[in-house]
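User: I'm new to this one. Could you take a close look at a single part for me, the aromatic rings and how they pair up?

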Amino acid sequence: PPTVRLEDYRPSDHLIDRVELDVRLDPHDTRVTATLALRPNPAGRAGAPLVLDGDDLTLLALELDGQAPAPDAVRADASGLTLHRPPQRPFTLRIETRLDPTANTRLMGLYRSNGVYCTQCEADGFRRITYFLDRPDVLSVYTTRIEAEREAAPVLLGNGNPVEAGTVPGTDRHYAVWHDPLPKPAYLFALVGGRLDRVAKPFTTMEGRAVEIAVYVEPGKADRAAYALDAVERSMAWDETAFGRAYDLDLFNVVAVSDFNMGAMENKGLNIFNDKYVLASPETATDGDYAAIEAIIAHEYFHNWSGNRVTCRDWFQLCLKEGLTVFRDQEFSSDMRSRAVHRIAEVRNLRARQFPEDAGPLAHPVRPKQYAEINNFYTATVYEKGAEIVRMLRTLIGETAFRAGMDRYFADNDGTAATVEDFLKAFEAVTGRDLSRFAEWYERPGTPRVAVSGSYDPAARTYRLAFRQTRPGAGADAPPLVIPIGLGLVGPDGPLDGPLAPPFAERVEDGVFVLETAEDAVTFENVAAEPVPSLFRAFSAPVRVESPLDDAARLTLLRHDPDSFNRWEAAQRIALGLMTAQVRDETAGDAGADDFVVALGAFLDAEALRDPAFAAQVLALPSEGDLADEIGTEIDPDAIFAARRDLRRRLGTGLRERLLSLREALAEPEGTPFSPDAAAAGRRALRNAALDLIAAADPEAGTALAQAQIAQATNMTDRLAGLAALALVPGEAREAALSAFAERYANEPLVLDKWFAIQAMIPEDGTVERIRRLQGHPAFANTNPNRVRSLVGSFSLANPTQFNRADGAGYALVAETVLALDGTNPQVAARLMTAFGPWRRLEPVRRAAAESALRRIAATPGLSRDVTDIGTRSLA
Ligand code: B3K
Ligand code: ZN
């Protein structure tokens, strides 16, 4: 496939100022008439042909300024429309196309989900609706008339504000006209038509604008939309106080559909969501679901400024809207919940998804330099590492300057399609700093390493910390990155910053040292005793740290570090060390493990009831993926699994009495109404973390507890945690609980997804066969992305021993699914295939099996561009 390169960017030769769309919805024969007000772009090439994008389109009619153009003046086919000699002045094109939304299984462009008409245009789906300049730097004002059979689609929604509605005389059809006053790129276009229930509430912006917020869901599910509706309201209020950003239309609509390629989409004034991220009730949604709904509602809403009002010049700038908006939603969630616990969750996620990506064949810079298929670049690197860059920027310049820079960015770029340079320029303007060196973060793939060593001089009462940064694959002459390092010193009894004579270091400001060269060091003065350094507080940079700490020092941090993140990190590093020692067959770890159990016991005594959410994070050991990432090469997932299982057993045995009594102490008194708030969720999280460890040590006791929990559960969090504990214990009890769960939720697709996922994650030999059976379950469908992700996606990403079975059966299952899906939904197929990313880091037998599965996929004729691209890069 042709490669698109950042360096080849040039402005469009033409602009489209206004778009009038007339969409007559029909299940198989939808007619779209687009009237485009075009003109030559003064910044483009004069006299250039007009080349409109198209994808799978059927052209019915074409007029240029009211006339049919001469046949030799035009070339049109399914994938584009070229006007060889367009007028050198403003002109109008009227284009009529025919679509079959029911046949659209790729879920890009206009399609039907459970009978509801909806659209997905980012990144390049608008060209599946009409011929267009489908690129983000062409901004137009849209007016959309939507027409449909009233019975089939009583609700008709578009971008912007509603301007007119009525019936089509003499028919059973009706229409609605929507006008969006703000110019936008085509990827933000959306329409919806269908039978939907609605919940709504008013909001008044800080500018005094009356807004109606509404959430539309499948009929009968309105009561499950309340949480999402409130989350929109909280998001609107937060963006006003945190960033001074007010909403700008009279309506803000959210629509939930059941077939959706990703989480949600920020279309202007009409966000379309995967129903998984809207629908919630205590009976069907876990605390994790509630948190995800709040975060994604916020994310899409925040795009209204970071993405829509200021959009991207080209798709290489994707992190400009995505990294920034992830940062904004993280800050929102931190303010709504516990900042420390949320930071831990962010870092877990970064390490689980972005670090491996950055260490494998699909690694790319946060701002890629080239792509073959842009839809494959909606990655953890662009989103999550992109967010970390924004966070580092804030750490470097401080909160006040950061806010001023954001204001400047919005003011200078409002209504335009911007670049990463424009973003940085705003911060340079308000701080007077040169950020060109910092900008390297956008250009370099790979996770940097920072090696740290410390030395104490008791006579001089100084403590010196030396840092050395390296980047994988980077030569010695590669420019160093600018790395903010959150720092503090901790003594045996607590922080070493007593009020009388605190330690200080000249180049540590507000607890941050900035490493700008390959090597540097900082010296603290006035240090009364040998300290333990607390490094990269709050995970101040997305790097791997080669730390000088031993386990005794880490236990000091676990006890005394005022930085909660580093308390958690200390426990994680100790656990990681114990487990990797076992994997590497070093048996010396036993005494260390005992010390760890004792320390965790003390930690629980001090903290568990004070901050259960945080304690749950400390108890949750690093994942198998974390271990694989730590080990890095010749990975044997079975050995990793065994090491983790053994440490869980040890903790479950050593902490048993404490865990049991914590479960008692944290139980909600009977009759307590369910609340999804962070405090209640934290108590449930700790109870369930305790259950996991108890069951690991004593499957029989665990089974009994899990069964009782399921029987008494008043919410999905506890019910599912019970089921998850049972799922790890082979036998009758597990199978009975699984059947009962399936029966209870037979008509709840989103809950059945959890049931599919739990079974897909069973770390036992029979799982591949179980999944094959489940693929034939009446509730399973390859055409629904949520079903595929819950069954096959969970397997490939969250069941390392079975996906990586030495006989290759796990790889074969995923490869077959990729191939089966590619014809209908290439985006989801390609996403699934990324699970093979770490293949080169496996031990030789599995490496060979994974490679041959990859090669089998890649050698299949007729593959989509999406899957071809992942295959090519994975094998390169
Ligand atoms: N912007 C969309 C993602 C579109 C993905 C296109 N393949 C959702 C989001 O990040 O908010
Ligand atoms: Zn986004």
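Analyst: Here's a walk through the aromatic pairs, with a short stop at the zinc site at the end. Keep in mind that this is a predicted model.

The structure holds 36 aromatic pairs. Take phenylalanine 126 and tyrosine 142: their ring centres are 6.1 Å apart with 80° between the planes, an edge-to-face pair. Phenylalanine 126 sits in the loop between strand E10 (116–120) and strand E11 (140–149), while tyrosine 142 is in strand E11, so the pair ties together parts 16 residues apart in sequence. Both phenylalanine 126 and tyrosine 142 are buried.

Now look at phenylalanine 756 and phenylalanine 780. Their centres lie 5.8 Å apart and their planes meet at 85°, so this pair is edge-to-face. It links distant parts of the chain, 24 residues apart: phenylalanine 756 belongs to helix H20 (residues 749–760), and phenylalanine 780 to the loop between helix H21 (767–775) and helix H22 (785–798). These two phenylalanines, 756 and 780, are buried.

Rings also join up in a bigger group: ring pairs link Trp238, Phe243, Tyr247, Phe252, Tyr301, Phe302 and Phe332 into a cluster.

Some rings have a charge for company. Arginine 313 lies over the face of tyrosine 9, 3.7 Å from the ring centre, and the charged end of arginine 112 sits over the ring of tyrosine 117, 5.3 Å from its centre.

Last, the zinc ion (ligand 2): its protein donors are His299 (NE2), His303 (NE2) and Glu322 (OE), at 1.9 to 2.0 Å. Histidine 303 counts as buried because its relative accessibility is 0%, and histidine 299 counts as buried at 7%.

How values were computed: Residues are numbered from 1 along each chain as its sequence is written. Chains are lettered from A and ligands numbered from 1 in the order in which they are written. This is a predicted model: local features need pLDDT of at least 70, side-chain atom pairs count only at pLDDT 80 or more; totals for chains, interfaces and linings use all residues. Side-chain values use heavy atoms; hydrogens and water are left out. Donors are N, O and S atoms within 2.8 Å of the metal (3.2 Å for Na, K and Ca); water is not among the atoms, so sites may look incomplete. Buried means under 20% relative accessible area, exposed over 50%, partly exposed in between (1.4 Å probe, protein chains only). Rings of Phe, Tyr and Trp (its six-membered ring) pair if their centres lie within 6.5 Å; planes under 30 degrees apart count as stacked, over 60 as edge-to-face and the rest as tilted. Helices (H or I, at least four residues) and strands (E, at least two) are DSSP runs, numbered from the N terminus. A charge sits over a ring if NZ of Lys or CZ of Arg is within 6 Å of the ring centre and within 35 degrees of the ring normal.
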